[in-house]
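User: Please take a close look at the nonpolar core of this protein, and set that part against the fold as a whole. I would like one connected account rather than a list.

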Amino acid sequence: MPLAPADAGLFITRASPAYRRAGLALFLAGFATFSLLYCVQPLLPVFSHQFGIGAASSSLSLSLSTSALAVAILLAAALSERLGRRDIMALSMMLSAVLNIAAAWAPVWPALLAARMAEGFVLGGVPAVAMTYLAEEIHPRELGLAMGLYVAGTAFGGMIGRVGTGILTDAFSWRAAMTIIGAAGLLAALGFLALLPPSRNFVRRPGLSARHHLASWARHLRDPALPALYAIGFTVMGSFVTLFNYAGYRLMAPPYNLDQTRLGLLFSVYVFGIVSSSVAGALSDRMGRGSVLTAGILIMGTGIMLTLPHALPCIFLGIVFLTIGFFTAHAVASGWVGHRARSDRGHATSLYLLAYYLGSSIAGSVGGWWWTGLGWNGVAGFTLLLLTGALAAAAWLHRVARS
């Protein structure tokens, strides 16, 4: 249906050049965030060897970052009401890139963890604000596609961070690899500043008190549908990160014996996430969010089951399915939060991202205990248990909310 002229004046639409500029800018923001955040994931076995630590301890290089990011998201969402969306995102991208370079040259394990934790904290400004910017500026009927493009950027960043880190580590060293990823993050920040259109619908709210923010978060938690979306963010992200965290330990050991380059190339499956997130966003606009969301969760579960056999092609196919399902579910759930929240959207999306990154932190580290105790079957069982919770939350959403 064509948009009314009044709508075109208030919102960015696909017909305008600003839509393409906003999409590309947010793509770069997603790229920078996830390439910086997850570049250490293929290095977990390397850290275990380099610093003489176990799998669960090595995973802290990622889990501490995502934990700090989860907390920072709440603060950044509140701060962006005063300072503006664009400034918060740009500053976050630049500082996190510098801290990734600092982590690369940390002499001891505690120093690396400290730098990674600080990096996660400053990164919180990007995901906390990006979804809010889109929900404010993009026409509601075209939000699904725009959100899908942002999530596609996160998929591309996750792929480049992981694949590039593996290849660069074999070619040079893990320290050089993390440095190069940090430099790429700085370039992405400059591109973001040049491209992002000014906000049309944002109004600065400098007088907001702590009581206002607490009341806004509490109001969203009382909504019958939003907590279910937060639970889905926690469980699907927890499942996804857990499986990728410990796939490296499995595949670098006999009988596979993959090196860092080949292990890094395994993460090229993120290209399927780039496509599926964009397609899922557009499909949800036409077919309804609930059915597309449930399909994404079921595809994830199918992928985990496919990793159980020992054949490497079957494991790879399972990871492809997992990736498609995850980015489908995340693109739909994150867009649904912005659509559902009628006011204080920044607070609503910050709660979603808090749950999302806590899922990465908590499940990603707890999965190490399952790996140590039960091997890959333990990891698969744990992640399938999480997805059972996601399906239950999706069923609840079907009851209380219409897409």
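Analyst: Two residues are in contact when they have heavy atoms within 4.5 Å of each other. With that cut-off, among contacts in this predicted model between residues at least 6 apart in sequence, 84% join residues at least 24 apart. The secondary structure behind these contacts comprises 17 helices and zero strands.

The overall dimensions give the setting for the core. A compact globule of 403 residues would have a radius of gyration near 22 Å, and the protein agrees with this because its own value is 20 Å. Along the principal axes, the C-alpha atoms fill a box of roughly 65 × 45 × 40 Å. Of the 403 residues, 60% are buried, while the accessible surface comes to about 14,700 Å², with 72% of that area belonging to carbon and sulfur atoms. As for charge, the protein carries 25 positive and 12 negative side chains, and the centres of these two sets lie 4 Å apart.

Turning to the part you asked about, the largest nonpolar core holds 126 residues, and those with the most contacts inside it are Leu 26, Phe 47, Leu 134, Met 178, Val 236, Leu 293 and Tyr 357. The element that gives the most to this core is helix 17, spanning residues 345–400, which supplies 16 residues.

Met 178 allows a closer view of one of these core positions. Once its neighbours within four places in sequence are left aside, Met 178 is in contact with Cys 39, Val 40, Leu 43 and Phe 47, and also with Asn 100, Ala 103, Ala 104 and Arg 116. Phe 47, one of these partners, is itself listed among the residues with the most contacts inside the core.

Two further positions can be set beside this picture. Ala 184 lies in helix 10, residues 174–195, and counts as partly exposed because its relative accessibility is 27%, where buried would mean under 20%. Ala 184 and Ala 32 are 152 residues apart in sequence, yet their C-alpha atoms are 7.6 Å apart in space.

Phe 156, found in helix 9 (residues 143–171), likewise counts as partly exposed, because its relative accessibility is 27%. Not counting residues up to four places away in sequence, Phe 156 touches Phe 27, Phe 31 and Ile 274. From C-alpha to C-alpha, Phe 156 and Val 269 are 10.0 Å apart, with a separation of 113 residues in sequence.

Conventions:
Residues are numbered from 1 along each chain as its sequence is written. This is a predicted model: local features need pLDDT of at least 70, side-chain atom pairs count only at pLDDT 80 or more; totals for chains, interfaces and linings use all residues. Side-chain values use heavy atoms; hydrogens and water are left out. Helices (H or I, at least four residues) and strands (E, at least two) are DSSP runs, numbered from the N terminus. The radius of gyration is taken over C-alpha atoms; the globule rule is 2.2 Å times the number of residues to the power 0.38. Buried means under 20% relative accessible area, exposed over 50%, partly exposed in between (1.4 Å probe, protein chains only). Accessible areas come from the Shrake-Rupley method with a 1.4 Å probe; for residues, only the protein chains shown count as cover. Lys and Arg count as positive and Asp and Glu as negative; His and the chain ends are not counted. The place of a charge is taken as NZ of Lys, CZ of Arg, CG of Asp or CD of Glu. A nonpolar core is a set of buried Ala, Val, Leu, Ile, Met, Phe, Trp, Tyr and Cys residues joined through side-chain atoms within 4.5 Å.
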